[in-house]
Amino acid sequence: MMKVGVLISGRGSNLRSLVAATKEPGFPAAIVIVVSNKPDAPGLDVARAAGIPTAVVNHKDYPTREAFDAELDAVLCRAGVELICSAGFMRILSEGFVEAWRDRQLNIHPSLLPAFKGLHVHERVLETGCRITGCTVHFVRPAMDEGPIVAQVAVPVVPGDTPETLADRVLEAEHKLYPLALRLVAEGRTRIVGERVEIDGLPLEAQAPLFVPPVS
Ligand code: GRF
């Protein structure tokens, strides 16, 4: 059973999907702690309701990024965390922290990386006129939203979409994708070769992006 620490800053809907998945019998990972950098993050209640220990490491209490990261690292290590899942965690982590957790930290991003890194993704997707967007789970590297891709889901952009309708559709896909990606990593089926992820025991066809139909 792989021990997972989830990092959040907000709503925690991805956390909710990970909690649900990890409670399924036979799931190869368990969430041992949820850490927020914001004391009032609604996601903390998701963890509490599920009986999962929580911690707040408020970035405002630390003079430097390194001091914040050192405390975050200490909290995760004390909880016995083996793999970090960032789920809407809105702090940039120092290179030292990221390297210490190299290949042991996942992130979810609401675009088909390497396109549309950063913030305001759905606005930019619409401005660009993309017909397809999606979401990505990847191993974390020091550069924001970069790192070996574990899994992706493609999501169509439909006429009349606003950033909000598109975000909702992509979020639905995120909630399917993150548990799937965590399962693959926790089962030890992912191997990082160069900066690509290879997945053991999955036929190539099954590694193609899933297609989530438009919500009517
Ligand atoms: C998600 O869209 C995630 O991809 C991005 O931030 C959002 C977090 O939402 N990194 P939630 O807090 O999981 O509901």
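Student: Which residues have the most contacts inside the largest nonpolar core?

Tutor: Keep in mind that we're looking at a predicted model. Its largest nonpolar core has 45 residues. In soluble globular proteins, nonpolar side chains tend to be buried together. Inside this core, the residues with the most contacts are Val6, Leu15, Cys85, Leu106 and Val150.

Student: And which helix gives the most to this core?

Tutor: Look along residues 163-186. That stretch puts ten residues into the core, and the core also draws at least three residues from each of domain 1 (1-101) and domain 2 (108-216). The helix you want is α6.

Student: Let's zoom in on Cys85. What does Cys85 touch, leaving out residues up to four places away in sequence?

Tutor: Cys85 is among the residues with the most contacts in the largest core, so pull up its neighbours by heavy atoms within 4.5 Å. With residues up to four places away set aside, Cys85 touches Val4, Gly5, Val6, Leu7, Leu18, Leu106, Tyr178 and Leu182.

Student: How many residues are in the second, separate core?

Tutor: You can find this one by picking out Phe68, Leu72, Phe89 and Trp101, which are included in it. It is separate from the core we just discussed, and its count is 17 residues.

Student: How far apart are the centres of domain 1 and domain 2?

Tutor: The chain is divided into domain 1 (1-101) and domain 2 (108-216). Their contact takes 20 residues from domain 1 and 15 residues from domain 2. Taken over C-alpha atoms, the centres are separated by 20 Å.

Student: On to the ligand. What is the distance from a polar side-chain atom of Ser13 to an oxygen atom of the ligand?

Tutor: The residues surrounding the ligand are Arg11, Gly12, Ser13, Asn14, Gly88, Ile108, His109, Pro110, Leu171 and Glu174. An N or O atom in the Arg11 side chain is 2.6 Å from a ligand oxygen, and a backbone N or O atom of Asn14 lies 2.8 Å from a ligand oxygen. For the polar side-chain atom of Ser13, the distance is 2.5 Å.

Student: What percentage of the ligand's accessible area does the protein cover?

Tutor: Start from the ligand on its own, which has 370 Å² of accessible area. The share of that covered by the protein is 84%.

Student: Ser17 is in a helix too. Is Ser17 buried or exposed?

Tutor: Ser17 lies in helix α1 (residues 13-23). Not counting residues up to four places away, Ser17 touches His175 and Pro179. Its relative accessible area is 12%, and the cut-off is under 20%. Therefore Ser17 is buried.

Student: Now the backbone oddities. Which residues does the cis peptide bond join?

Tutor: Check the loop between β5 (105-109) and α5 (121-128), where Pro114 is found. The omega there is about 10°. The cis bond joins Leu113 and Pro114.

Student: His120 has a positive phi without being a glycine. Is His120 buried or exposed?

Tutor: His120 lies in the loop between β5 and α5, and its phi is about 50°. The relative accessible area of His120 is 56%, and the cut-off here is over 50%. So His120 is exposed.

Student: What is the relative accessible area of Asp103?

Tutor: Asp103 is found in the loop between α4 (95-100) and β5. Asp103 isn't a glycine, yet it has a positive phi of about 65°. Asp103 is partly exposed, and its relative accessible area is 34%.

Terms used
Residues numbered from 1 in each chain as written. Predicted model: local features only at pLDDT ≥ 70, side-chain atom pairs only at ≥ 80, totals over all residues. Heavy atoms only, no water. Core = buried A, V, L, I, M, F, W, Y, C linked by side-chain atoms within 4.5 Å. Buried < 20%, exposed > 50% of the residue type's maximum accessible area, 1.4 Å probe, protein only. Helix = DSSP H or I, 4+ residues; strand = E, 2+ residues; numbered from the N terminus. Domains from an automatic or database assignment. Near = heavy atom within 4 Å. Polar contact = N/O pair within 3.5 Å; in protein donor to acceptor, adjacent residues only side chain to side chain. Areas by Shrake-Rupley, 256 points an atom, 1.4 Å probe, with all protein chains shown as cover.
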